[in-house]
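Let's walk through this model together, starting with how far to trust it and then moving from the overall fold to individual residues. Keep the viewer open as you read.

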Amino acid sequence: MTSVQVDKKHGDGSEAEGATEDGSGEGYQRGLGARQIQMIAIGGAIGTGLFLGAGKGISKAGPSLILAYAIAGLVIFFIMRALGELLMYRPVSGSFSEYAREFLGPFFGFVTGWTYWLFWVVTGITEVTAASEYMQYWTKDATGWINQPQWVFALIFTVVLFGANLISVKLFGELEFWFSMVKVTAIIGMILICAGILTIGFSDAGDTASVSLLWSEGGFFPKGIGSTLMTLQMVMFAFLAVELVGVTAGESKDPKTVLPKAINTVPWRIAVFYVGALIMILSVVPWTHFKPGISPFVAAFEKMGLGVGAAIVNFVVLTAALSSCNSGMYSTGRMLRDLALNGQAPKFFTKLTDRGLPLAGTSFSAALMLVGVWINYQWPGEAFNYVVSFATISGMWAWIMILCSQIKYRRMSNAGLLPKSTFRAPGAPWTSWFALAFIGMVIVLMGIDKDARISLKCAPFWALLLGVSYLIMKARNPEKFAAKK
C-alpha cells in the first residue's frame, strides 16, 4: 500500500507530525484541486432543499422565506468560519469527529463520527431512491430496455457512484464538479430569464411581473412572522452538507490556501443561489401560485409559458440527488476510517487501497445504502420515514460539534496553550454562541411543528445505542478512549 504523508501544519505554520492514531488521515492522496474544492463547496449549499423544498416554504411563509434564507445563511457562514479556523489549525480528514475528540473528549468524537456517518448513509438511501423516481419522468411511457422499474435505476446509480469512488479521489472531485456545474448553471439561467422578464417584459408573465409582487400580495409577511419562523427548520435542512468541504481537508492539494477561499465564498453563494433566485422568481410569479411538493422552478417556468422547464428542472434535481449520494459515498468511508484509527470502529476500516482510498468503509456504507433502498421499496411506511427524518437532526449535530470545538479551541489558543489559527473566525466566540443559540431555537421549533417533530423522535434511541456501544468499547479498550491532554 502506498503511504502518503499528510502535509499537516498548525496555525503558526510549523509542521506537525502525521500520525495515524490521531485521525490525521495519513495515507490519503491529495487529489482534490482548487477548482474541485470550490465546486464541492458551492454544490454542498445547493440541493433538492432549494429545487423542490422551497415550494413548501413559499406556501407557508410567502416572500418572507427570502428573509429566512438570509438569516439562516448568516448562521451557516458563522459555522463555516468556525470550521475554517479549526481546519487551518490542523487540517484532518476526520474533521468534525477529530476536533470533537480533541477538544470535547473521546465520547463526543465517537458520537459525532458515527452520527455523521449515519447522516450520509440515510441521505444516500433517500437520494438514490429519489434519483430513480426522477428517472420515471422519462421512462414511464418508454418501451424496451429503457422502461425499467425504479429499483433497477437505484441499483445502477449506486453501483456507478460506488465504482467512481473506488477509482480515485480525483474522479470523485470531477463528478462533484460537473454535478455542481449543472445546478449552478440552472439557477443562474433562471435568474437571467427572470431579469429579462422584469426588464423587457417577454413571456406570458411579462405583463404582471414586478418587484412589487414581493409585498403586494398580502404583504412581505402574508401569514405572519410566526409562519416564517416555522420554516427555519426547513431552511436549515436545505443547507445540510455545506460542511462537507471540511471532510476534504486531508485530500486537498493545498488546504491552507484552497479551503479559506472556498469558505469565504459562502455569503455570496447563499446571496445569489438562494436569496437572489427567490427574489427573482417571486418578482415574476406571485407567491400564491406556489404549492407544496411542486418545485418553484417548475411553477415559474409554467407561468412563463416555457413548457420545457419541467424537463430541465427534473434533470437538475436528478443531478442534485446523484451529487448528494456521491458525497455520501465519499464521506462515509472517511468517517469510518477516522473512527477505526481511534479504536472506535472495527480495525479493518483503517485499510486503504494503494490509491489511498478507504475501500472497507466505503463498501460497507454502499452495501447499507443498497439494503436501505430495497427495504424502502419492499416496506415503505412510517418506520422508514422515521429513519429518513433523522437526517435533519443528525446533520445539525455536526454543526453543533464544530461550534463547540471552535469555542474551546479559541479559549485555549488565546491562553497560549495552542498555536493560533491563520484563519480566525471574525467575531468569535460570540458568533459561535449566536449560531448555537440559533440552532437551539430551530430544534425547539422542530418540536413544535407536528410535520417536523418526527425528526426528533429517533434521536433518543440513537443516543442510547451510541451510549451503550461506547461503554462496551471503552471497557474493552480503555487506552484508546482516554481523553487527550
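Residues 1-25 stay under a pLDDT of 50 in this predicted model. The model still has 76 contacts beyond four places in sequence for that stretch, but where pLDDT is low, the predicted coordinates should not be read in detail. For the protein as a whole, the average pLDDT is 81, and 85% of the residues score at least 70. If you color by confidence, look at two helices in particular: among the elements of the protein, H1 (residues 34-44) has the lowest mean pLDDT, at 70, while H18 (residues 430-448) has the highest, at 94.

Now for the overall fold. The secondary structure consists of 20 helices and zero strands. Of the 485 residues, 58% are buried. Contacts often reach far along the chain: taking pairs at least 6 apart in sequence, 80% join residues at least 24 apart. The accessible surface comes to about 18,900 Å², and carbon and sulfur atoms account for 67% of that area.

What sits inside? The largest nonpolar core has 144 residues, and the residues with the most contacts within this core are Tyr69, Ile76, Met236 and Trp399. Helix H4 (residues 65-89) gives the most to the core, contributing 17 residues. As background, nonpolar side chains tend to be buried together in soluble globular proteins. Ile76 makes a good place to center your view: beyond its neighbours within four places in sequence, Ile76 is in contact with Met236, Phe239, Val242, Val266, Ile270 and Trp399. Two of these partners, Met236 and Trp399, are also on the list of residues with the most contacts in the core.

From there, turn to a polar residue. Thr332 is placed in helix H15 (residues 309-341). Is Thr332 buried or exposed? Thr332 counts as buried because its relative accessibility is 1%, under the 20% cut-off. Which partners does the side chain of Thr332 find there? A polar atom of this side chain lies 3.4 Å from the backbone oxygen of Met329, and a polar contact of 3.2 Å links the side chain to that of Ser365. Setting aside residues up to four places away in sequence, Thr332 touches Trp117, Trp120, Val121 and Ser365.

Glu98 offers another buried polar side chain to inspect. This residue lies in helix H5 (residues 96-103), and Glu98 is buried because its relative accessible area is 0%. The side chain of Glu98 makes a polar contact of 2.7 Å with the side chain of Arg101.

The cysteines deserve a brief check too. Cys194 counts as buried because its relative accessibility is 0%, and Cys325 counts as buried at 0% as well. A disulfide is a covalent bond between the sulfur atoms of two cysteines. How many disulfides does the model contain? The count comes to zero.

If you like checking backbone geometry, two places are worth a visit. Ala428 and Pro429 are joined by a cis peptide bond, with omega at about 5 degrees; Pro429 is in the loop between helix H17 (382-414) and H18. The other place is Ala241, which has a positive phi of about 100 degrees although it is not a glycine. Ala241 is in the loop between helix H11 (232-239) and helix H12 (255-264), and this alanine is buried because its relative accessible area is 11%.

Finally, let's look at two loop residues and their partners from elsewhere in the sequence. Pro419 is found in the loop between H17 and H18, and this proline is partly exposed because its relative accessible area is 23%. The C-alpha atoms of Pro419 and Arg90 are separated by 10.0 Å, with their positions 329 residues apart along the chain. Phe221 lies in the loop between helix H9 (213-216) and helix H10 (224-230), and Phe221 counts as partly exposed because its relative accessibility is 32%. Phe221 and Pro63 are 158 residues apart in sequence, yet 6.9 Å apart from C-alpha to C-alpha. Beyond its neighbours within four places in sequence, Phe221 is in contact with Ser64, Leu67 and Thr228.

How values were computed. Residues are numbered from 1 along each chain as its sequence is written. Side-chain values use heavy atoms; hydrogens and water are left out. pLDDT is the predictor's confidence in each residue, from 0 to 100. Helices (H or I, at least four residues) and strands (E, at least two) are DSSP runs, numbered from the N terminus. Contact means heavy atoms within 4.5 Å. Buried means under 20% relative accessible area, exposed over 50%, partly exposed in between (1.4 Å probe, protein chains only). Accessible areas come from the Shrake-Rupley method with a 1.4 Å probe; for residues, only the protein chains shown count as cover. A nonpolar core is a set of buried Ala, Val, Leu, Ile, Met, Phe, Trp, Tyr and Cys residues joined through side-chain atoms within 4.5 Å. A polar contact is a pair of N or O atoms within 3.5 Å; within protein, one must be able to donate a hydrogen and the other to accept it, and residues adjacent in sequence count only if both atoms are side-chain atoms. A disulfide is a pair of cysteine sulfur atoms within 2.5 Å.
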